[in-house]
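Thanks for taking a look at this one with me. I have jotted down what I would check first, point by point.

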Amino acid sequence: MNQTLLVEIQTEELPPKALVKLGAAFANGIANGLKARGFLDPDSVVTPHATPRRLAVTITQVAAMSPDKTMREKVLPVSVALDKDGNPSAPLAKKLAALGFPDLTLADLERAQDGKAESFFLTYTAAGSALAASLQDVLLDAVAKLPIPKLMSYQRPSGATVQFVRPVHLLLALHGEQVLPLTLLGLEAGRQTMGHRFLSHGQPIVIAHADNYSAVLESEGKVISSAEGRKQSIRQQLLAKAGDDQVLMPESLLDEVAALVEWPVVYECRFEEEFLAVPQECLILTMQTNQKYFALTDSAGKLRSRFLIVSNIATDDPSAIVGGNERVVRPRLSDAKFFFEQDKKKTLESRLPLLASVVYHNKLGTQLERTERVTVLASSIARRLGMDVPLAERGARLAKADLLTDMVGEFPELQGIMGTYYARHDGEHEEVALAASEHYQPRFAGDLLPSTNTGLVAALADKLETLVGIWAIGLQPTGEKDPFALRRHALGVMRMLVEKRLPLSISALLADAVAVFEGQAAFKDPRAEVAVFMLERLRGMLRERGFTPNEVEAVLAQNPDRVDDVVQRLEAVQAFAALPQSASLAAANKRITNILKKTDAAIGEVKQELLVEPSEKSLAAAIARVRPEVDAAFARGDFTGTLKTLAQLRDDVDAFFNDVMVMADDLALRNNRLALLSQLHGMMNGVADISKLAA
């Protein structure tokens with residue numbers, strides 16, 4: 001009879017950051033092992049359970065016996081199974097006995113081709129195995145493969161030393177209401193588990209039936225067995241306690257806190273208003289990172305002096321819990337305040353010489369040398385864009401100065417953010433101050449781009465210097481390894497060029513970046529490789545935005561040096577592809593491309609007197625007719641209009657290829673027709689290589 005299976009390992013407190021992964025691996029290991037052995041039904045539901053003190057899994061529709069299997073097994077080659085007279089040999093008798101079928105005769109065996117020779121085969125029915133016997137092997141295998149960060153050795157009461165992520169106290173294994181006789185780490189399985197360390201009665205809890213596991217554990221043991229269930233409970237309680245305020249609850253913090261408690265209860269705490277004079281990012285980070293607290297802000301995003309904690313204890317009088325957490329957080333906030341006040345005593349500019357003591361890379365020098373390179377590069381980019389060069393230089397020069405502040409030393413995650421606060425305190429221009437944080441943008445996929453010109457230029461310079469410098473010393477990404485985040489830097493540059501519509505040449509930017517490394521030892525000019533790398537990142541970015549591979553390739557196949565209008569070109573290609581003429585013109589363009597590739601001779605101008613066929617005369621006239629309109633639309637950036645105008649040529653192009661022999665025997669006619677096709681090819685590929693739409 002199919003029933004629910006329950007297996008639980010009850011432990012000491014498990015490492016919170018590994019809990020969810022351990023729970024999923026344990027559940028999947030058990031489920032996959034049983035599925036491979038035929039115990040699960042197609043409708044079986046696998047539910048992982050993971051709390052700070054247990055790993056468990058419940059699986060519905062688990063059979064008590066695996067089904068019988070029809071087996072076909074090779075016995076022996078005929079040449080070995082039969083003696084010279086064709087009678088059964090001694091090796092055959094021995095093999096059949098080993099298989100458990102000593103009484104079988106040749107008539108019971110199948111003689112069949114086996115490669116180039118013949119062999120005897122035996123087909124038989126293998127009886128299914130009992131759940132308990134198979135589950136024992138499955139359990140041992142699942143536990144052995146758990147992604148345990150670090151094993152702990154401990155002694156059982158018997159004196160035996162065992163290893164697991166934490167000491168194990170109980171093993172529970174039920175199939176329906178029946179206890180399965182499993183063993184693990186010196187324990188024998190039963191039907192008992194333990195509830196909450198403080199909120200339950202302290203005695204083992206009896207699970208009568210596997211179906212009742214979660215409900216009994218929650219009602220009697222004050223334990224929510226599902227990690228996701230605890231997380232949702234925490235989220236709901238946080239929102240309820242926040243009231244009109246906004247609660248800051250990053251998913252990573254929710255996951256970690258849910259792995260620390262078995263019965264989450266949210267309480268409100270407060271700290272002194274004086275701490276709000278400290279940049280709120282510092283206070284939020286110390287509360288989240290050090291204390292696992294949830295900060296609150298008002299509707300405008302300003303930090304409040306109250307915060308929320310998640311406790312593992314439910315009580316009618318939480319004053320001791322609240323008071324204890326308020327006392328704990330106060331020194332942390334005091335440290336943040338102290339660091340902030342100390343840092344303000346020195347200007348960012350005065351810290352610049354200290355960057356000479358910070359090694360950036362042993363082949364690329366110090367952070368001070370890097371800062372000088374980024375400053376020169378920012379100046380070049382600002383000139384190309386017609387932006388404020390002194391502001392760009394100042395923003396780039398001060399961008400890394402906060403690395404040597406006490407606050408960033410304590411909280412590296414605040415680099416850039418603190419630079420903005422300290423630059424404002426020093427009286428720097430607002431764009432210079434913002435550049436300290438904005439030059440890191442975008443930090444990740446979907447992150448905001450810099451909002452100021454100075455921040456934008458500093459961000460481009462910082463990323464390009466990293467790309468060119470790291471690539472030049474041979475540390476470009478390989479496979480999945482990218483320790484210097486060059487993929488992210490390249491994608492960030494492309495996003496800024498595209499989304500900010502910057503009229504900048506990729507080759508010019510890379511030339512400027514290479515120039516700042518002049519005289520650098522072991523520097524190998526990487527411009528060609530980096531340009532290809534950047535366009536690959538752009539390909540991926542555009543596909544993620546919904547453009548098809550063929551559309552993207554139509555625009556990028558020609559390796560454009562400027563990409564500020566790439567989205568507009570793609571939108572034009574999409575609009576063109578929707579026209580009824582597009583397929584025919586794309587195929588014709590592909591054909592023209594192939595013809596021109598095979599032509600070695602120089603292609604000149606079209607000579608009207610050599611147009612002899614009606615179809616080539618008609619095509620030449622049509623090109624002359626639409627060219628002014630095409631050129632005008634292209635000049636004003638109306639790429640959709642450009643391609644739609646070209647669509648008027650379809651009938652003339654089709655007629656040309658139907659009626660005209662391009663590669664005529666007469667050399668003058670052939671070259672003139674090639675010139676006509678070259679003229680058409682240039683017009684058709686001004687916006688994109690539409691032949692890629694026919695791929």
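The points below go from the ground rules to the sheet, a helix, the internal spaces and some backbone details.

1. **Ground rules.** This is a predicted model, in which local features need pLDDT of at least 70 and side-chain atom pairs count only at pLDDT 80 or more, while totals for chains, interfaces and linings use all residues. Residues are numbered from 1 along each chain as its sequence is written, and side-chain values use heavy atoms, with hydrogens and water left out.

2. **The sheet.** An open sheet is built from three strands in the order β4-β6-β5, with antiparallel pairing. Strands here are DSSP runs (E, at least two residues) and helices are runs of H or I of at least four residues, numbered from the N terminus; two strands pair if DSSP finds at least two bridges between them. β4 (69–77) and β5 (110–114) each have a single partner strand and stand at the edges, so one side of each is left without a neighbour in the sheet. From one strand to the next the twist averages 40°, taken between axes that are lines fitted to C-alpha atoms, with angles running from 0 to 180 degrees between N-to-C directions.

3. **Pairing in detail.** Eight bridges join β4 to β6 (residues 117–126) in the antiparallel sense, and E73 has L122 in β6 as its bridge partner. On the other side, β5 and β6 are antiparallel over five bridges, with D114 standing opposite A117. These two strands form a hairpin with two residues between them, and G115 in the turn has a positive phi of about 75°.

4. **Helix α17.** How does the span of this helix compare with 1.5 Å a residue? The 14 residues of α17 (residues 486–499) should span 20 Å, and the end C-alpha atoms are 20 Å apart, which agrees; the expected span is 1.5 Å times one less than the number of residues. Of these 14 residues, 10 are buried, leaving the helix mostly covered (buried means under 20% relative accessible area, exposed over 50%, partly exposed in between, with a 1.4 Å probe and protein chains only). The buried residues include L486, H489, V493 and L497. Among the elements that cover them are α16 (453–472), α18 (506–515), α19 (527–544) and α21 (566–577), where contact means heavy atoms within 4.5 Å. After α17 comes R501, with a positive phi near 50°.

5. **The pocket.** The largest pocket holds about 340 Å³ of space. Sixteen residues line this pocket, and K400, Q415, Y440, R488 and H489 are the closest to its centre. The elements giving two or more residues to its lining are α11, α16 and α17, and α16 gives the most, with three. On a 1 Å grid over the protein atoms alone, a pocket is an open set of points with protein on both sides within 12 Å along at least five of seven lines, a cavity is a set where a 1.4 Å probe fits but cannot get out, and lining residues have an atom within 4 Å of a point. Grid points are joined across faces, edges and corners, and a volume is the space filled by probe spheres set on the points.

6. **The cavity.** One cavity of 30 Å³ or more is present, and the largest has a volume of about 60 Å³. Its lining includes Q367, R370, T371, V374, K400, H439 and D462. Two or more of the lining residues come from each of α11 (367–385) and α16, and α11 gives the most, with four.

7. **Backbone details to check.** Most residues other than glycine have a negative phi, and most peptide bonds are trans. The bond from Q441 to P442 is cis, with omega near -10°, and P442 lies in the loop between α15 (430–438) and α16. Q61 is not a glycine, yet has a positive phi of about 55°; this residue sits in strand β3 (residues 54–62) and is partly exposed, at 33% relative accessible area. N559 also has a positive phi, near 50°, in the loop between α20 (549–556) and α21.

8. **A helix end.** A635 lies in α23 (residues 614–635) and counts as exposed at 68% relative accessibility. The C-alpha atoms of A635 and E553 are separated by 23 Å, with their positions 82 residues apart along the chain.
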